[in-house]
Amino acid sequence: MGRTYDDLVREAATVPVDGWDFSWLDGRATEERPSWGYARLLGERMARASAALDIQTGGGEILAGLPALPPVTVATESWPPNLRLAASRLRPRGAWVVADDEEPRLPFADAAFDLVSSRHPVATWWAEIARVLRPGGSYFSQQVGPGSVYELSEHFLGPHDAGHRDPARARAAAQAAGLEVVDLRSERLRMEFGDIGAVIYFLRKVIWIVPGFSVERFAGKLRALHERIEAEGPFVAHSARFLIEARKPDGRAA
């Protein structure tokens, strides 16, 4: 692109990172998508639901893109810039957007929803999800798996344990909360970062990859990675994703 290191850093360090729209990276970074198609599957479930809750909705991008929403649709979010984006997208669709601190207790009555969803939650509060689900209702979620984008976090942090987001642990936690896991799939997906600006933008937006990231703190690591990309081409990493669907028993005999 003919831009200097300083130009790339300056641009990426100042561009807004609100919401979960990654279109700023078009032409600068790529990521394979999971084969299952989360938005399509969620849309099918939303079309059948009467009351749905989307936890940690971000800027409401996923819900806003669905063909139909249930008569009662509620989304929660904690970060104020995302709250504003979610409200602007979802209120015209008839959905409620609720500010929540993403820790128990969820501000809803027992058995309030027949569908609870979440894409890439920071944490999953299984007991609370089970509480707000109606008997026969389901939790449907795409989550970040173990060691996601480890190659990038290792460059900045060195070798470290990155295995706590494990599908098997999610299954066990769901079952401990009284839910039946009816689907669980996982994939690793190739990512490429074409310039250091793409790396900076990504790390500012996806804050758990390198906790405490800032351009100033990691100036030396950023310069080294820039030189590596310039010499060798795009930096390759791999994201980890898993899909989980868990059902609350309806109490009826089989």
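This is a short talk on the cores, open spaces and a few single residues of one protein model.

Hi everyone, and thanks for having me. Please keep in mind throughout that we are looking at a predicted model.

Let me start with what the record says. UniProt, in an unreviewed entry, places a feature called "domain: Methyltransferase type" at residues 53-139. In the model, that span is 25% helix and 30% strand, and its end C-alpha atoms lie 9 Å apart. That is an annotation, and it may be inferred rather than shown by experiment.

Now to the inside of the protein. A general point helps here: in soluble globular proteins, nonpolar side chains tend to be buried together. What does the largest nonpolar core look like in our model? It has 31 residues, and those with the most contacts inside it are L152, F156, F193, I196, F202 and L203. Several elements each give this core at least two residues: α1 (5-14), α6 (150-157), β7, α8 (196-205), α9 and β8 (235-247). Which of them gives the largest share? That is α8, with seven residues.

Let's zoom in on I196, one of the residues with the most contacts inside that core. If we leave aside its neighbours within four places in sequence, I196 is in contact with Y5, L8, V9, L222, L225, H226 and I229. Try clicking on those in the viewer, one after another.

There is also a second, separate core of 21 residues, and it includes F113, Y139, A170 and I244.

Another place to look at packing is helix α4, residues 80-90. Its buried residues are P81, N82, L83, A86, A87 and L90. What do they pack against? Their partners are α3, β3 (72-77) and β4 (96-99).

Next, the empty spaces. Rolling a probe the size of a water molecule over the atoms shows where empty space is left. Let me take the closed space before the open ones.

The structure holds one cavity of 30 Å³ or more, and the volume of the largest cavity is about 50 Å³. Its lining is made by I55, L106, S118, P121, A123, T124, W125, E128, I129 and Y139. By type, that lining divides into seven nonpolar residues, two polar and one charged. You may recognise Y139 from a moment ago, as it is also in the second core.

Then the pockets. About 550 Å³ of space lies in the largest pocket. It is lined by 32 residues, and nearest its centre are W20, F22, E31, R33 and R119. Here the lining splits into 16 nonpolar, eight polar and eight charged residues. Which elements each supply at least two of the lining residues? They are β1 (29-31), α2 (38-48), α3 (61-64) and β7 (180-193).

The second largest pocket has a volume of about 370 Å³. Of the 17 residues that line it, W20, E77, W79, N82 and I207 are closest to its centre. So please notice W20, which is listed near the centre of the largest pocket and of the second largest one. The lining of this second pocket divides into six nonpolar, six polar and five charged residues.

Now a little on backbone angles. Most residues other than glycine have a negative phi, and most peptide bonds are trans. Two residues here are worth finding with that in mind. Q56 has a phi near 55 degrees, a positive value in a residue other than glycine. Q56 sits in the loop between β2 (51-54) and α3. Is Q56 buried or exposed? It counts as buried, because its relative accessibility is 9%.

H120 also has a positive phi, near 60 degrees. Its place is the loop between β5 (113-119) and α5 (126-132). With 15% relative accessibility, H120 counts as buried.

Last stop: helix α9, residues 219-232, where we find A231. A231 is exposed because its relative accessible area is 67%. Its C-alpha atom is separated by 37 Å from that of R185, 46 residues apart along the chain. E232 is found in α9 as well, and at 62% relative accessibility it counts as exposed. The C-alpha atoms of E232 and S138 are separated by 46 Å, with their places 94 residues apart along the chain.

That's my tour. Thank you for listening!

Methods
Residues numbered from 1 in each chain as written. Predicted model: local features only at pLDDT ≥ 70, side-chain atom pairs only at ≥ 80, totals over all residues. Heavy atoms only, no water. Helix = DSSP H or I, 4+ residues; strand = E, 2+ residues; numbered from the N terminus. Buried < 20%, exposed > 50% of the residue type's maximum accessible area, 1.4 Å probe, protein only. 1 Å grid on protein atoms, 1.4 Å probe; cavity = no way out; pocket = protein on both sides within 12 Å on 5 of 7 lines; lining within 4 Å. Points joined across faces, edges and corners; volume = space filled by probe spheres on them. Nonpolar A, V, L, I, M, F, W, Y, C, P; charged D, E, K, R; others polar. Contact = heavy atoms within 4.5 Å. Core = buried A, V, L, I, M, F, W, Y, C linked by side-chain atoms within 4.5 Å.
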